[in-house]
Amino acid sequence: MSAWLSLEDAIEQASSHIQPIVKTETISLVQAHGRIIAKSIVSPVDVPPWNNSAMDGYAIKLSGNESSNTRQVSQTIYAGSKEHQTVTDNQCARIMTGAPMPSGADTVVMQENVIRTEDSIEFTQPPVLGENIRPKSGDIALGDELVAIGHQILPQDIMLMSSIGLANIEVYKKPKVAVIATGDELAEPGTERGDHQIFESHRGGLAAKLEALGCDVTDAGLVKDDKDTIVNVFTSLSQTHDMVISSGGVSVGDADWVKPALSSLGSLHLWKVAIKPGKPFAFGQFGHCYFCGLPGNPVSAFVTFDQIVTPLLGVLKNQAINSKPLTLKATLTSPFKRRAGRKEFARGVYRQNENGQLEVSLLKKQGSSVMTSLTNANCYVIIPIESESLSSGASVDIQPFSLT
Ligand code: AMP
Ligand code: MG
């Protein structure tokens with residue numbers, strides 16, 4: 001039996017260990033983009049609060065007066081007008097979009113459908129009873145539940161909550177996440193690199209992804225390949241963070257100290273997932289702090305972040321709909337061969353052909369250390385665990401890269 005967990009089992013097992021954040025805070029609505037609702041939003045008002053005009057036009061009383069096609073203009077009502085008089089049978093009110101309907105009126109005729117003289121109008125086509133009125137509570141009724149607990153706030157939600165008069169809302173606190181990179185060979189970008197070194201490339205990109213996912217990020221720097229050092233760093237970060245994410249040192253090399261450090265401190269819940277790239281992913285916890293050990297190769301770190309860490313953060317954040325990445329069908333433009341056994345996240349370029357269908361081509365260089373396979377691509381091409389070969393013209397699943 002394979003010792004590797006499937007991606008789906010790994011996510012499920014790791015999720016089962018995660019206690020979602022319970023602390024909440026009240027924040028200003030205009031700063032709430034991306035945050036998770038902690039208390040459901042029930043409307044205290046009707047929207048709109050009263051019947052109002054959907055058009056610039058004329059409010060009339062049509063019922064009972066269908067035979068007459070002229071009206072005297074008796075008043076003007078603007079959006080924001082406080083007062084109006086009752087509209088009688090032969091009268092009409094000049095009315096603007098959003099203005100309250102005057103009593104007596106049951107229909108609004110759009111101004112394009114009348115001929116206006118000094119103080120009267122004539123219809124150029126018969127009005128329809130009730131047209132061009134936005135009814136009271138037509139959008140939202142007092143008592144409607146509008147936003148459920150666990151919803152991640154989008155710009156349109158901010159508009160919706162503003163429309164019912166809210167200025168502050170209660171959300172879950174952001175997860176505090178620390179990022180470290182392990183490796184004696186790593187030099188900080190911007191510093192002098194020794195001949196034996198390479199530049200550290202992961203922390204900045206991972207921090208950017210974490211920010212986009214609504215986390216409070218600490219860049220905890222570079223860490224040497226030394227068990228005691230790693231233990232000390234984990235211990236101190238675990239006091240003040242909900243999650244620590246490391247890259248490197250989690251495989252089977254003689255300097256791979258992340259797993260032993262984690263096991264000696266807390267619990268290693270899982271290690272090795274049947275995906276490519278990214279097999280040596282590790283997940284564990286020390287106290288209330290969760291730990292994700294990403295492999296050191298850059299593409300492996302990126303893929304495991306997207307495919308495993310992102311859904312786990314959804315659980316930690318209390319996101320109710322832990323949305324899976326959007327998956328689309330595309331036609332492969334060239335054949336592909338490999339050894340089966342892992343679900344592969346190959347990198348490719350998709351485009352819409354002349355017929356509007358999606359086509360995808362795989363990048364030639366697919367190595368887990370080939371960072372340009374991420375920057376030259378615009379999607380993952382998912383090769384199922386059991387597939388050994390795919391022919392040109394095969395239908396494959398793709399996941400467009402996030403644009404944030
Ligand atoms: P490891 O998982 O530590 O064995 O690392 C695998 C490969 O990724 C090695 O070639 C490392 O030098 C490289 N690597 C690990 N971490 C980083 C990093 N933060 N930045 C750039 N390369 C890295
Ligand atoms: Mg290493």
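**N318, right after helix α6, has a positive phi near 80°.** This is a predicted model, where local features need pLDDT of at least 70 and side-chain atom pairs count only at pLDDT 80 or more, while totals for chains, interfaces and linings use all residues. Residues are numbered from 1 along each chain as its sequence is written, chains are lettered from A and ligands numbered from 1 in the order written, and side-chain values use heavy atoms, without hydrogens and water. Helix α6 itself spans residues 298-317 and has a kink of about 40° centred on F305 (the angle between axes fitted to the seven residues ending there and the seven starting there). Of its 20 residues, 17 are buried, so the rest of the structure largely encloses α6. Buried here means under 20% relative accessible area, exposed means over 50%, and partly exposed lies in between, for a 1.4 Å probe and protein chains only.

**Six strands make up an open sheet with mixed pairing.** Reading across, you meet β16, β13, β17, β21, β20 and β18 in that order. Helices (H or I, at least four residues) and strands (E, at least two) are DSSP runs numbered from the N terminus, and two strands pair if DSSP finds at least two bridges between them. The edges are β16 (216-223) and β18 (267-271), each with pairing on one side only. Inside the sheet, β17 (residues 243-247) and β21 (residues 289-294) run parallel, joined by 5 bridges. To find this pairing on your screen, look for S247, whose bridge partner in β21 is L294.

**Strand β24 pairs with β19, β25 and β26.** The β19 strand (residues 275-276) is parallel to β24, with 2 bridges between them; K276 faces E344 there. With β26 (residues 379-383), β24 pairs in the antiparallel sense through 5 bridges, and A346 sits opposite V381. Strand β25 (residues 358-362) is likewise antiparallel to β24 and shares 5 bridges with it; there Y350 has V360 as its bridge partner.

**A close-up of the turn shows the hairpin of β24 and β25.** Between the two strands lie 5 residues. Within this turn, G356 has a positive phi of about 85°.

**Two cis peptide bonds are shown here, one ending at P48 and one at P277.** The bond that joins V47 and P48 has an omega of about -10°. P48 belongs to the loop between β2 (41-42) and β3 (52-53). For the bond from K276 to P277, omega is near -10°. P277 is found in the loop between β19 and β20, and K276, on the other side of that bond, is the residue that stands opposite E344 in β24. As background, most peptide bonds are trans.

**N132 and S137 both have a positive phi without being glycines.** Most residues other than glycine have a negative phi, which is why such cases deserve a look. For N132, phi is about 65°. The residue lies in the loop between β9 (120-123) and β10 (133-134), and N132 is buried, with a relative accessible area of 19%. S137 has a phi near 60°. Its loop runs between β10 and β11 (145-147). At 28% relative accessibility, S137 counts as partly exposed.
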